[in-house]
Amino acid sequence: MSGQSTKPLSFIEELTWRGMVQDIMPGTSELLASGPVRGYIGFDPTSDSLGVGNLVQVMILLHFQRCGHQPVALMGGATGMVGDPSGKSAERNLLSEEQLRANLEGQRKQLEKLLDFTPGPNQALLVNNYDWFKEFRFLDFIRDVGKHITVNYMMAKDSVQKRLETGISFTEFSYQLVQGYDFYHLWKHHGISLQMGGSDQWGNITTGTELIRRMEGGEAFALTTPLIKKADGTKFGKTESGNVWLDSSKTSPYAFYQFWLNASDEDAKTFIRIFTIKSREEVESLEAEHAAAPHQRALQKELARDVTERVHGRAEYDKALEASDILFGNAPVDALSRIDEPTLLAVFEGVPQFTVPKSDLESGIPLVELLCDRASVFPSRGEARKLVLAGGVSINKQKVVDPAFVQTTDGLLQGRYLLVQKGKKNYYLIIAD
RNA sequence: GGGGAGAUAGCCAAGUGGCCAACGGCAACAGACUGUAAAUCUGUCCUCUUCGGAGUUCGAAGGUUCGAAUCCUUCUCUCCCCA
């Protein structure tokens with residue numbers, strides 16, 4: 001029961017109550033208290049889309065901006081060519097330059113949507129470290145930068161230590177120096193004095209602050225966020241079908257919405273603090289609401305709404321919500337058949353679809369064949385059969401338990417669609433054409 | 001270089017001539033219960049299957065045997081101890 005919002009929280013206070021601070025370099029909060037600061041976070045272009053895991057860093061930048069500081073997102077056009085050994089147990093494959101460019105472009109678009117780039121004193125900025133590395137000659141680099149850091153210092157880093165047994169190429173070993181130089185460059189030429197990132201970046205960040213100190217006697221700061229894990233200890237950001245991406249062609253808005261909606265109660269409390277900018281009061285009142293009526297899942301719904309809307313926009317959220325209502329709501333079975341065709345197609349946009357000739361369906365297709373050979377719902381007939389017997393398959397929301405069932409055109413929605421449900425949460429649409 | 005231990009399914013791990021497609025556990029998937037939660041209970045979990053079965057596995061290759069994950073030979077790799 002704190003008083004009403006008196007004065008706005010500082011950046012550190014904001015992150016602290018949200019549980020987003022892992023490590024912070026001494027002097028950082030004094031720096032931030034002294035006035036607007038420029039700070040940056042690097043994004044590794046290993047994919048053409050950011051994943052929900054990267055969203056943590058985006059949120060950090062967003063809070064940073066909202067607290068009056070200036071956020072800078074660094075695209076790793078150069079570092080991406082080297083490969084960060086942090087958290088990797090084996091040498092990585094290098095990305096082709098072409099791939100790298102495509103990845104940068106994809107991520108750039110997403111970042112531009114998530115941060116506020118409207119011109120102003122603390123508008124977000126985007127930089128690419130390739131810009132200052134492309135002209136940097138190897139000999140110059142090892143003379144001007146390499147000279148300031150000892151191999152002993154670099155070897156002491158966790159990311160390197162962990163690879164000493166199994167091996168690490170010179171390329172990956174050098175990574176921290178390349179990233180460290182970024183920090184130096186940004187500090188020197190762009191007045192950036194703070195680098196943030198995930199806790200696995202601590203080593204790389206401190207190489208940067210060290211470089212700044214040794215090359216120019218300057219001072220720079222660091223802040224890292226904890227690694228996000230689910231309450232059951234498993235990795236955050238993955239589902240059965242893989243990574244959850246921000247790109248709607250890789251993870252449909254519907255699947256994205258479902259990802260957040262499916263968070264456990266415990267996780268929802270953590271996630272709503274990290275992935276939304278809701279105030280402490282709002283979060284606590286949602287928690288109270290949730291505790292009073294857990295089955296309403298106010299936390300999950302609000303979390304999913306907030307994040308989906310921010311990433312995919314209002315229209316996509318509405319569609320995802322509608323689809324979820326239809327698929328999981330308690331609407332009577334015949335509600336399904338009343339949905340008009342455009343709505344149906346919009347709802348199932350993010351659901352795998354298969355087409356079978358209508359004429360085949362007229363003569364009837366055995367269920368197992370339909371789900372395995374005609375539509376890749378199952379990889380083998382045996383498997384299809386087993387799950388049907390186990391009661392895990394529904395068509396048009398009605399359970400089918402007879403593996404010998406023959407599907408005909410009877411019951412086609414709108415005369416041409418079949419909604420197949422495998423388990424509780426996996427939907428497929430079969431179109432009779 | 002000398003000595004020892006080991007390699008079994010996605011992971012951990014039992015099995016040391018037939019009863020072994022291989023005990024357990026974890027993970028995963030499904031069902032029940034619920035709230036699209038957690039916990040719990042149940043089922044599935046090498047591949048295919050017309051659910052009757054069929055096929056291919058126990059580091060690799062050969063061999064002994066009616067029969068091998070299990071015995072023998074060679075090879076590959078991992079770990080530990082001594083130098």
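Helix H12 is the top contributor to the lining of the second largest pocket, giving 4 residues. Keep in mind that this is a predicted model. That pocket, the surface near RNA strand B and the salt bridges are the topics of this briefing.

**The second largest pocket**

- The space in the second largest pocket comes to about 900 Å³.
- Its lining is made up of 34 residues, and those closest to the pocket centre are Thr239, Glu240, Ser241, Ala255 and Asn426.
- Two or more lining residues come from each of strand S7 (238–239), strand S8 (242–243), helix H12 (253–261), helix H13 (265–275) and strand S15 (426–432).
- At the level of domains, domain 2 (238–329) and domain 3 (351–432) each supply at least three residues to the lining of this pocket.
- By residue class, the lining of the second largest pocket holds 13 nonpolar, 13 polar and 8 charged residues.

**The surface near RNA strand B**

- There are 26 residues around RNA strand B, and the ones that come nearest are Ser264, Asp265, Gly382, Arg385 and Lys424.
- If you look from the RNA side, sugar and phosphate make up 52% of the atoms of strand B that come within 4 Å of the protein.
- Two side chains reach base atoms of RNA strand B: a polar side-chain atom of Asp265 lies 2.5 Å from a base nitrogen, and a polar side-chain atom of Lys424 lies 2.5 Å from a base oxygen.
- Gly382 uses its backbone instead, with an N or O atom 2.9 Å from a phosphate oxygen of RNA strand B.
- H12, helix H16 (314–328) and helix H21 (381–389) are the elements that give two or more residues to the surface near RNA strand B.
- Helix H21 provides the largest share of that surface, with 5 residues.
- The surface near RNA strand B divides into 5 nonpolar, 12 polar and 9 charged residues.
- Helix H12 is worth a look in both settings: H12 helps to line the second largest pocket, and H12 also gives residues to the surface near RNA strand B.

**Salt bridges**

- The structure contains 23 salt bridges.
- One to find in the viewer joins the side chains of Glu105 and Arg108, at 2.4 Å from N to O.
- Why are Glu105 and Arg108 separated by about one helical turn? Both residues belong to helix H5 (residues 97–114) and are 3 residues apart there, so about one turn of the helix separates them.
- In general, side chains of opposite charge can pair when their charged atoms come close.

How values were computed
Residues are numbered from 1 along each chain as its sequence is written. Chains are lettered from A and ligands numbered from 1 in the order in which they are written. This is a predicted model: local features need pLDDT of at least 70, side-chain atom pairs count only at pLDDT 80 or more; totals for chains, interfaces and linings use all residues. Side-chain values use heavy atoms; hydrogens and water are left out. On a 1 Å grid over the protein atoms alone, a cavity is a set of points where a 1.4 Å probe fits but cannot get out, and a pocket is an open set with protein on both sides within 12 Å along at least five of seven lines; lining residues have an atom within 4 Å of a point. Grid points are joined across faces, edges and corners, and a volume is the space filled by probe spheres set on the points. Ala, Val, Leu, Ile, Met, Phe, Trp, Tyr, Cys and Pro count as nonpolar, Asp, Glu, Lys and Arg as charged, and the others, Gly among them, as polar. Domain bounds come from an automatic or database domain assignment. A residue is near a molecule or strand if one of its heavy atoms lies within 4 Å of it. A polar contact is a pair of N or O atoms within 3.5 Å; within protein, one must be able to donate a hydrogen and the other to accept it, and residues adjacent in sequence count only if both atoms are side-chain atoms. A salt bridge is a side-chain nitrogen of Lys or Arg within 4 Å of a carboxyl oxygen of Asp or Glu.
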